[in-house]
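Biologist: I'm new to this one and would like a close look at a single part rather than a tour of everything. Could you choose an enclosed space or an open one, and tell me what surrounds it?

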Amino acid sequence: MKNNLNIISSDLIKKLFHRSILVLCSILALSSAQNNAKAQQKNSIPAITYENISYGDHPNQVIDFRRADVDNPAPLVVFIHGGGFTGGSHDKIDNKAVQQYLDAGIHHASVEYRFLKHADFPAAHEDCVRALQFIRSKSKDWGIDKNRIAGYGGSAGAQLVAYLAWGNDFADPKSEDPISRESSRLKAVAMWGGQSTLDLDWWAQNIPGYKREFHNKKENARKDLSLIEKRALLNEISVINHITADDPPTFMSYGMNPNDPIPSNWKRARGWAIHHVNFGIAMEEKLKQNGVTVYLNYPKSPKKFKDQTSFLIHHLKK
């Protein structure tokens, strides 16, 4: 009898052990699935509503549009990527930021444009003007409030969105082309690592650690232009020259403080100089002189907006 009890007790313990293992495995599997779902959600790419929509004849003249889940015409943010006017892609978006815009009821568009290997300056600027006008022409079909469109971008993309925000409005009310009749300006603009000018003499004088060898001397050479024409083109594509009192609220961010030491590594020093906060300080000064609302963020600066996303959402939703 005692041996039978021992056998029953042993079997019961085994069953309870096996059952505990199954329960534990189920809990671990559920936890793993939940963690995977959270990771996938965090890294997921927001679905594209209209992909690679052409606004011109060149393969690079395309737009991706992501529609927010809204019933009425909604604001829009336009992203223009960087890459030194020689590379980059409108596909390389910040998924988390895009999702924040969509969750706030703001549509999102990312613009591709021609690089210098395709066409010289000011082709990229002309493309972005045309892209924004094209987007406005689609406002009814895409559910966009054309009076609430903002833009953001970094480096070369920062220059391009600033050109839209601060440059003259290229709308031609008398044009037979309905797209050309649309406005090319923005309600707000956010930039990171943006350059105020493409005058490399200014860079050499005002940017710590900048060296001419950081840029290939053959870059951007327009042999078809006279010296006067080259200077006129340089003035046109240097965005600081377009700042006026009617410019929209502006947000700029940089990764270093004004007095930070120059990195010792050559590659780091190049990127550090090319995206130096002194560009932002020069633009901030001129914007303030013209009475334009401007926020300049760098590591030790006081901050009203923590990043470009919160800034743009604020100005598009208020």
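Modeller: Let's start with a word we'll need: a cavity is a set of grid points where a 1.4 Å probe fits but cannot get out, and its lining residues are those with an atom within 4 Å of such a point. Rolling a probe the size of a water molecule over the atoms is how empty space shows up. Keep in mind that this is a predicted model.

First, a bit of background. The protein chain has 318 residues, of which 46% are buried, and its secondary structure amounts to ten helices and eight strands. Among contacts with a separation of 6 or more, 75% join residues 24 or more positions apart. About 17,300 Å² of the chain is exposed, with carbon and sulfur atoms supplying 52% of that.

Now the enclosed space. The count gives one cavity of 30 Å³ or more, and the largest cavity has a volume of about 30 Å³. Around the largest cavity you'll find F85, R114, F115, L116, A119, D120, F121, A123 and A124. Sort that lining by class and you get seven nonpolar residues, no polar ones and two charged ones. Arg and Asp count as charged, so the charged pair in this lining is R114 and D120.

R114 is worth following further. Side chains of opposite charge can pair when their charged atoms come close. Here, R114 meets the side chain of D127 in a salt bridge, at 2.7 Å from N to O. R114 sits in the loop between strand 4 (107–111) and helix 3 (123–137), while D127 belongs to helix 3, so the bridge ties together distant parts of the chain, 13 residues apart. As for cover, D127 has a relative accessible area of 2%, which means it is buried, the cut-off being under 20%.

That bridge is one of eight salt bridges in the structure. Others include D145 with R148, whose closest N and O atoms are 2.8 Å apart; R148 is partly exposed, at 23% relative accessible area. There's also a salt-bridge network that links R185, D246 and D247.

For contrast, here's an open space. The second largest pocket has a volume of about 160 Å³, and its lining includes E284, V294, Y295, L296, N297 and F305. Strand 8 gives the most to that lining, with four residues, and the full lining splits into seven nonpolar, two polar and three charged. N297 belongs to strand 8, which covers residues 294–297, and counts as buried at 4% relative accessibility. Beyond its close sequence neighbours, N297 touches F251, M252, S253, Y254, P302, K303, F305 and K306.

E284, another lining residue, has a salt-bridge partner too: K288, at 3.4 Å from N to O. Both lie in helix 9 (residues 277–289), four residues apart, or about one turn of the helix. E284 is buried at 17% relative accessibility, whereas K288 is exposed at 52%.

How values were computed. Residues numbered from 1 in each chain as written. Predicted model: local features only at pLDDT ≥ 70, side-chain atom pairs only at ≥ 80, totals over all residues. Heavy atoms only, no water. Helix = DSSP H or I, 4+ residues; strand = E, 2+ residues; numbered from the N terminus. Buried < 20%, exposed > 50% of the residue type's maximum accessible area, 1.4 Å probe, protein only. Contact = heavy atoms within 4.5 Å. Areas by Shrake-Rupley, 256 points an atom, 1.4 Å probe, with all protein chains shown as cover. Salt bridge = Lys/Arg side-chain N within 4 Å of Asp/Glu carboxyl O. 1 Å grid on protein atoms, 1.4 Å probe; cavity = no way out; pocket = protein on both sides within 12 Å on 5 of 7 lines; lining within 4 Å. Points joined across faces, edges and corners; volume = space filled by probe spheres on them. Lists of a residue's contacts leave out its neighbours within four places in sequence.
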